[in-house]
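Please look over the sequence and the model before reading on. The paragraphs below lead through the structure part by part.

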Amino acid sequence: MSDNKTSQRQEDTYILVTGANSGLGFSICCRLADEFLSLHPETGLLHIIFTTRSSRKAEDTRRRLEKHLRGSAPSATSRVRFVSESVDLSKLVSVRALSRRLLQSTPKLDAVVLNAGIGGWSGISWPDAIWGVCTDLIQQVTWPTYKLSPIGVLSEKQTDLQEEPPLGMVFCANVFGHYMLAHNVAPLLKRARTNGPGRVIWVSSIEATIKAFDVNDIQGLRSALPYESSKALTDILALTSNLPSTAPWAVDSFLHSDEDKESEPPGIYVSHPGICATAIIPLALPLIWAMVITFWGARMLGSPWHTLSTYVGACSSVFLALTTKDELDAAEAPYHQAGGGRAKWGSSADRLGAAHTLSTEVEGWGYGGVVGTPTVEADRLRRRKRGAKDLTSEGKEQFEELGRQCWKQMEDLRIKWDAILDQAENGSE
């Protein structure tokens, strides 16, 4: 490859999006293309590397993405390229294979959007759902208490070895598979220069609740709320990733690579899509329409989080992926200046459906880790979850300690599983 061509490729933007065949992941790809073209009107190419679970889904997804691009920007289709990859995040061998392909085929990654995942629910308690929606609409369609989940569901065996430790299905698909992938592609993230250091963007949920998480059951195998547990873990990892107390595991180990040792490490951020009408819980068509109408009603009653469409829900992830380092720092500056840190960024919609990216309150972390009354006026005025309390110094210390413990456990688990996968590979040769 010529030096000129190498230079051109380094000036391009490369973004990886997992779980893109439908729903939120597909809309993230569409919105990335649309906003990139509006932010970069004359120069630059965007390479969107999207993953699906099969080659059949990959081809169908590529056709639909290209159709969207022709409809939204017919004169600029040559400036966005869609590249498909297949991966099953619940299978670590598949994650490792994707990592190796990316290291061989991709010059850098400016951002990785970790979106793929599963709900793991077995159904809905309809009496509780109907009563909750009728008596407490906004609360119950934002932080529902009526979804049912089986306890202790394990992923399929990862290797042919006789002995291997168990992996929770929801934990592996939502957190650990992504965790392994992000670590493996850290060298590509360290080569990013377009908008500053590369970024790892976890897609969480507004339903994440620290009350569902137990640090002594990090995989959520004993939890009746494994999805909420996995998303709470996601929040904890992202929001504490830049703290000195987690540095031995987050920066020095998880984000470590032999390339550019003196450069600023990649940043780790967290977003959520608000409340979208998706098929993450399979419902009959009449119930889907009832869900959409209910969500719209909550929006009309003042909920800021009912985005309804996945395209609106994609705005916070796209904001974190495409905004410049200076703009991102400016957005977080009020929290840092008030003694806080990272914020959880969520997609919001007003009554007319206009999209906004807003900071989101997190149990144990408040708004951006700021102790006491929220420092940003918009945060103070926003509707809160019932029972939410302002962050205390003691609560923040506990959250930071929780982050330290989670990072240590996750790195210990990654190192353990890398050794298992190495053993399985060597044994099959």
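A residue is called buried when its relative accessible area is under 20%, exposed when it is over 50%, and partly exposed in between. The model is predicted. Glu59, at 37% relative accessibility, therefore counts as partly exposed.

Glu59 is a good place to start, with its salt-bridge partner. Arg62 forms a salt bridge with Glu59, and their closest N and O atoms are 3.2 Å apart. Both residues belong to helix α3, which covers residues 55-72, and they are three residues apart, about one turn of the helix. A second pair is found in this helix: the side chains of Asp60 and Arg64 meet in a salt bridge with an N to O distance of 3.1 Å. Asp60 and Arg64 are separated by about one helical turn because they are four residues apart in helix α3. With a relative accessibility of 31%, Asp60 counts as partly exposed, and Arg64, at 30%, also counts as partly exposed.

How many salt bridges does the structure hold? There are 27 salt bridges. One of them joins Asp379 to Arg382, with the closest N and O atoms 2.9 Å apart. Are the two partners buried or exposed? Asp379 is buried, since its relative accessible area is 1%. Arg382 has a relative accessibility of 9%, so Arg382 counts as buried. Elsewhere, salt bridges that share partners join Arg96, Arg100, Glu411, Arg414, Asp418, Asp422 and Glu425 into one network.

The helices can be taken next. Helix α2 runs over residues 23-39 and has 17 residues. From its first C-alpha to its last, α2 reaches 24 Å, close to the 24 Å expected at 1.5 Å a residue. This helix is mostly covered, as 13 of its 17 residues are buried. Helix α5, residues 126-135, contains Trp126. Trp126 has a relative accessible area of 39%, so this residue is partly exposed. Together with Ile130 and Leu287, Trp126 makes a nonpolar surface patch of about 290 Å².

The text now turns to spaces in the model. The second largest pocket has a volume of about 630 Å³. Of the 31 residues that line this pocket, Glu361, Val362, Glu363, Gly364 and Ala388 are the closest to its centre. Two elements give two or more residues to the lining: α9 (226-239) and α16 (393-428). Which of the elements gives the most to the lining of the second largest pocket? The answer is α9, with three residues.

A search of the whole structure also finds one cavity of 30 Å³ or more. The space in the largest cavity is about 40 Å³. Its lining is formed by Glu361, Gly366, Tyr367, Val370, Gly372, Pro374, Arg384, Lys389, Asp390 and Leu391. Glu361 is thus named twice here: Glu361 lines the largest cavity, and Glu361 is also among the residues closest to the centre of the second largest pocket.

Several loop residues complete the tour. Ser245 sits in the loop between α9 and α10, the latter being residues 247-254. Its relative accessible area is 30%, so Ser245 is partly exposed. Gly364, named above for the second largest pocket, is 119 residues from Ser245 in sequence, and the two are 17 Å apart in space, C-alpha to C-alpha.

Ser223 is placed in the loop between β7 (199-203) and α9. Is Ser223 buried or exposed? With a relative accessibility of 12%, Ser223 counts as buried. Ser223 and Gly152 are 71 residues apart in sequence, while their C-alpha atoms are 7.5 Å apart in space.

The last residue is picked out by its backbone. Most residues other than glycine have a negative phi. Leu308 has a phi near 65°, a positive value in a residue other than glycine. Leu308 is found in the loop between α11 (285-300) and α12 (310-313). Leu308 counts as buried because its relative accessibility is 14%.

Notes: Residues are numbered from 1 along each chain as its sequence is written. This is a predicted model: local features need pLDDT of at least 70, side-chain atom pairs count only at pLDDT 80 or more; totals for chains, interfaces and linings use all residues. Side-chain values use heavy atoms; hydrogens and water are left out. Patches are made of residues with over 30% relative accessible area and no salt bridge: like charges are joined within 9 Å, nonpolar side chains (Val, Leu, Ile, Met, Phe, Trp, Tyr) within 5 Å. Accessible areas come from the Shrake-Rupley method with a 1.4 Å probe; for residues, only the protein chains shown count as cover. A salt bridge is a side-chain nitrogen of Lys or Arg within 4 Å of a carboxyl oxygen of Asp or Glu. Buried means under 20% relative accessible area, exposed over 50%, partly exposed in between (1.4 Å probe, protein chains only). The expected span of a helix is 1.5 Å times one less than its number of residues. On a 1 Å grid over the protein atoms alone, a cavity is a set of points where a 1.4 Å probe fits but cannot get out, and a pocket is an open set with protein on both sides within 12 Å along at least five of seven lines; lining residues have an atom within 4 Å of a point. Grid points are joined across faces, edges and corners, and a volume is the space filled by probe spheres set on the points.
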